Each structure stands twice: as structure tokens, then as C-alpha cells.
Amino acid sequence: MLTHFIGGLPVAAGNPFPVHDPVTGAVVRQAHEADPEVVDRAVRAAREAARDWAALPVGERAGWMRRLADGIEARFDDLVAAEIADTGKPYEQTRTLDVPRGIANFRAFAEIAAQRPDEAFHLPGLLSYTVRRPLGVVAVIVPWNLPFLLMTWKLAPALVTGNTVVVKPSEATPGSAAVFADVCAEAGLPPGVVNVIFGYGASGQLLVEHPGVDGVTFTGATRTATTIMKTVADRVKPISFELGGKNAGLVFDDCDLDRAVDGAVQSVFTNGGQVCLCTERLYVQRSIFEEFCVRLASRAQEVEPQPMISLEHRDKVLSYYALARSEGAKVHAGGGVPVFNDHRDSGYFVEPTVVTGLSEWSRFNREEIFGPVCHVAPFDSETEAIDLANSSDYGLAATLWTTGLDRAHRVARRLEAGLVWVNTWYLRDLRTPFGGVKLSGIGREGGTQSLDFYSEPTTITIKLEQPDV
Ligand code: 6OD
């Protein structure tokens, strides 16, 4: 049974709830659901720790970040196992992406924060400079698709800038957060700096509305974000939202086709399509459209299916497959539930799927599906491709496949997206701003943008009596 981690101690309080293995549907563990009392206890613990933690020099907090990175390395195998048990991710991905990114997040933000210069502004007779202060207690609400990667992506900058935190992972994926609580305890992190509570959305709602919480960082569904936004509006709490996507991939006829097909396979099907950055709309220049569809469909049939996180989510994805069929789509690959004839048949799998022939106005092409599926449509001109990519309520990420250097620059800057990858997908430099436009989010995290969100400047202005010496 997973217990909350509050003030450096395990807390077993609240109703138990089950966590399922998406590969088989079996219950893998139970966790306690945070009720109002638990949430209040966690926020109080974070507040009590806040003053001393904020008073540490940034170099010392950076040292703590490195020790947490070391602690993750020491518990690497446990974290991989916990993440796989909750999500059904492939071992190779978890070993090479999810857990290593946790280590990288702590190491990167230790450096970025420790090396950041302060700002000073001079006028005759006037010196102004800024000092940055942490928000205080930050609520960190983490989704189920990349639980450890995204938790640490938020924790590292929040902590290194001097905040204390209350983390709530998704009810579907509490395991790696529980191991991380152990890492904090084993590292001797001061009690209350990191607190972890478990529960459904209701626990998250209690957390964000708690008056002792000073800021909220959330990655997840746009619908949940609007609820959080309304909740915190009365207290004008700072928010950072990284939300859904309906990401476009543009494939021009001057691309390296092998590379573009490889990239499309990766950007559509990684993590079972359950990454906010995954491509769900592919637009391919007409002269290579047919060949591209044939090649993508053939590759899709070779992709090892990955489970969706829950039965409910699997049914949601399947409802879009049914919608596509009912609207007359041509299904080039997949479109159903795979049959394994083994223990996986009780799990939450869907087939990697490629469809064509739907209207741009179909809900299939407008709503985020969050599964291993894409719609492919042809375009004739660069302008049309850009218009198609931009005709979305979302604006998180886009991919471009072209060997034309001028075209790459020209098109990339005209796309309404926070992130554009050219001839690649999801390659990350942690110093860069990360986030989306339109329904895909508010604010940016990454590099100094994270430090800016998790702290606020105070401007100190001094009148100099002898200005010109
Ligand atoms: O890689 C990252 O830093 C990041 N924030 C990824 C987000 C993925 C959303 O599903």
C-alpha cells in the first residue's frame, strides 16, 4: 500500500484505491487517497519548511539537486520497475528516456540556476537591480503519460529556486513518485521540502484551492486546466499549464522520405501516442502522398502495440476509430484491438492506426485523441500546408520534414506552435522554452523560463547621492 509522504514521513490516511497494470488490467497496488485533512497536512508541512529552504544560497540548493540526481541513479532499477508497473511502457523506453530524464532534469536545473546572473540597470544617479524570491509552496500536478519525467521536470526548477512543493501524481501512476519520496528521505532532504500525496482529481482540486498554496504547475488535459484556472482565479495564483495538442506534421516532397517515414512512425506511435507532443495530423505533399501512406501503413503494422493507460482511455481512443469509420475514412492500418492470445488480452491495448479521407472539420481531426493514431491528408502548396497545420484550436508542437533550409526556416516561424521540430521529433535541450499556444497552454517552462515561473523578481532601486564618481 502506497502511503503519502508528508514532512519527511510516510502518512497512511485516506481511503485506499486500486492502481491497475494496463498490460493485464490486474490491480498492481493500492494507494491512499488524500482527503481534506491529508492535503492540509501536506501544505502545512511545505509551509513550515519554506522559510529555511528559501534562505539557503542557490548554490546549496543546487547541491541538493545533484544529490537527488545521485539518489535517482542509485534507485534507477526501482524507478524503472515502478514506472513500467503503472504504465506498461516498454522497458527500453523507460530505461533510456523516462528515468534518465529525471536525472537530467535535476542536473540541468542545478547548473542553470547556479549560473544565472542577476540583472542590474543603471541611470545617472540611479541603480536598480532585481532579486528573485520563490513563490512559496507550489502544487505540482503530474499526468500519467510520462509520470517521472514530468514530475522531475517541474520539481527540479521549483526546488532550486527555493520553493517547497506538494506533488500529486495521477491516480493511475503513483509508483515512481513513491520511490522518489524514498529518494528524498534517503538523501536527507529537509523534511517538508518535498511532499507527495496520492489521489484522484478531487485530491488535486483540494490542493490547488488550498489557501496555503502559492502557485500551480500542471501538465495534462485542457479541460482540467480550465477548472484549475477558475479555482485559483480568486487568489490570483500564478499558473503554468502545459496542455493538450493536435500536432501537425508537414512532409514536403523535398524531404528525405526514409527519414520522414521513420520520424512519422516515432512521432505518432511513441508511448502508444500518449505524449502531448505526438503527431495526430500528417499533411503530405500530393506528389508523394500515396507512397508515404503505403509506407507509413506498412510500418504501423510492425509497431508493437502499447497499452492505453486505462480501460476508459482505451474506449475513448476506440470511439475515435469508430468515428473515423462512420465518416467513411479509409483505414490503412489498425483500427481495432489487437489479439495476442496471452495475458495481454485483458489489458488496454489498441492497434496502431493510420487513416485518410476525413474532413478537416471532423472531430477526429480537431480533438486530441491521445492514442497511436494519425490522419494523413494531401496538400499542394507551402501556404496551404501552413494553413492546414494552423487550423487547430491547439498549438503545442509541429514537425517539418524537408531538406530545404530556407523552407524550414520560413515555414517553422509561421506555424502557430510553441515547439517546431525540423527533420526530427522530441529531441530536447532542457535550456529551451517549452510550452504551447492557444488551448495548448499558458506560459513556458524550460531553462530560465522555468526559473522565472517559479520565482518572482523584486526590483530594488537606490538613489545615488554622488552619481558620477
Ligand atoms: O520533455 C519535456 O520536458 C516535456 N515537458 C514533455 C511533455 C510531454 C507531454 O506529454
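The C-alpha centres of domain 1 and domain 2 lie 31 Å apart in this predicted model. Domain 1 is built from two stretches of the chain, 4-243 and 440-460, while domain 2 covers 248-422. Where the two parts meet, 22 residues of domain 1 are in contact with 21 residues of domain 2.

Taken as a whole, the protein contains 15 helices and 22 strands. Its radius of gyration is 23 Å, close to the 23 Å that the globule rule gives for 469 residues, so the protein is as compact as a globular protein of that length. The C-alpha trace spans about 70 × 60 × 40 Å along its principal axes. Of the 469 residues, 57% count as buried. Contacts across long stretches of sequence are well represented: among those between residues at least 6 apart, 76% join residues at least 24 apart.

The surface and the charges can be described just as briefly. About 19100 Å² of the protein is exposed, and carbon and sulfur atoms supply 53% of that area. There are 44 positive and 58 negative side chains, and the centres of these two sets lie 3 Å apart.

A few individual positions help to make the picture concrete, beginning with three valines of domain 1. Val165 is found in strand S8, which runs over residues 164-168. Its relative accessibility is 0%, and Val165 is counted as buried because the cut-off for that class is under 20%. Beyond the residues up to four places away in sequence, Val165 touches Ala46, Val138, Val140, Leu155, Ala158, Leu159, Val193, Val194 and Asn195. Ala233, by comparison, is 68 residues from Val165 along the chain, and the two C-alpha atoms are separated by 20 Å.

Val142 sits in the loop between strand S7 (137-141) and helix H5 (147-160). Despite this loop setting, Val142 is buried, with a relative accessible area of 4%. Once neighbours within four places in sequence are set aside, the contacts of Val142 are with Pro147, Leu150, Met151, Val167, Lys168, Pro169, Ser170 and Thr219. Val167 and Lys168 in this list belong to the range of strand S8, 164-168, and Pro147 and Leu150 fall within the bounds of helix H5, 147-160. The C-alpha atoms of Val142 and Ala104, 38 residues apart in sequence, are 18 Å apart in space.

Val208 completes this set, with a place in helix H7 (residues 201-209). At 1% relative accessibility, Val208 is buried as well. Outside the window of four places in sequence, Val208 is in contact with Ile141, Val216, Ile228, Thr231, Val232 and Lys237. Ile141 lies within strand S7, residues 137-141. Another pairing links Val208 with Ala139: they are 69 residues apart in sequence, yet 6.5 Å apart in space from C-alpha to C-alpha.

Attention now turns to domain 2, where two asparagines share a backbone feature. Asn271 has a positive phi of about 60 degrees although it is not a glycine, and Asn341 likewise has a positive phi of about 60 degrees without being a glycine. Asn271 belongs to the loop between helix H9 (257-269) and strand S13 (279-285), whereas Asn341 is placed in the loop between strand S14 (330-333) and strand S15 (353-356). Their surroundings are of opposite kinds: Asn271 counts as buried at 4% relative accessibility, while Asn341 is exposed, with a relative accessible area of 67%.

Arg295, also in domain 2, is located in helix H10, which spans residues 286-302. With a relative accessible area of 26%, Arg295 is partly exposed, because that class lies between the cut-offs of 20% for buried and 50% for exposed. Leaving aside neighbours within four places in sequence, Arg295 is in contact with Leu257, Asp258 and Val261. These three partners fall within the bounds of helix H9, 257-269. For Asp258, which is 37 residues from Arg295 along the chain, the C-alpha separation is 9.1 Å.

Terms used: Residues are numbered from 1 along each chain as its sequence is written. This is a predicted model: local features need pLDDT of at least 70, side-chain atom pairs count only at pLDDT 80 or more; totals for chains, interfaces and linings use all residues. Side-chain values use heavy atoms; hydrogens and water are left out. Helices (H or I, at least four residues) and strands (E, at least two) are DSSP runs, numbered from the N terminus. The radius of gyration is taken over C-alpha atoms; the globule rule is 2.2 Å times the number of residues to the power 0.38. Buried means under 20% relative accessible area, exposed over 50%, partly exposed in between (1.4 Å probe, protein chains only). Contact means heavy atoms within 4.5 Å. Accessible areas come from the Shrake-Rupley method with a 1.4 Å probe; for residues, only the protein chains shown count as cover. Lys and Arg count as positive and Asp and Glu as negative; His and the chain ends are not counted. The place of a charge is taken as NZ of Lys, CZ of Arg, CG of Asp or CD of Glu. Domain bounds come from an automatic or database domain assignment.
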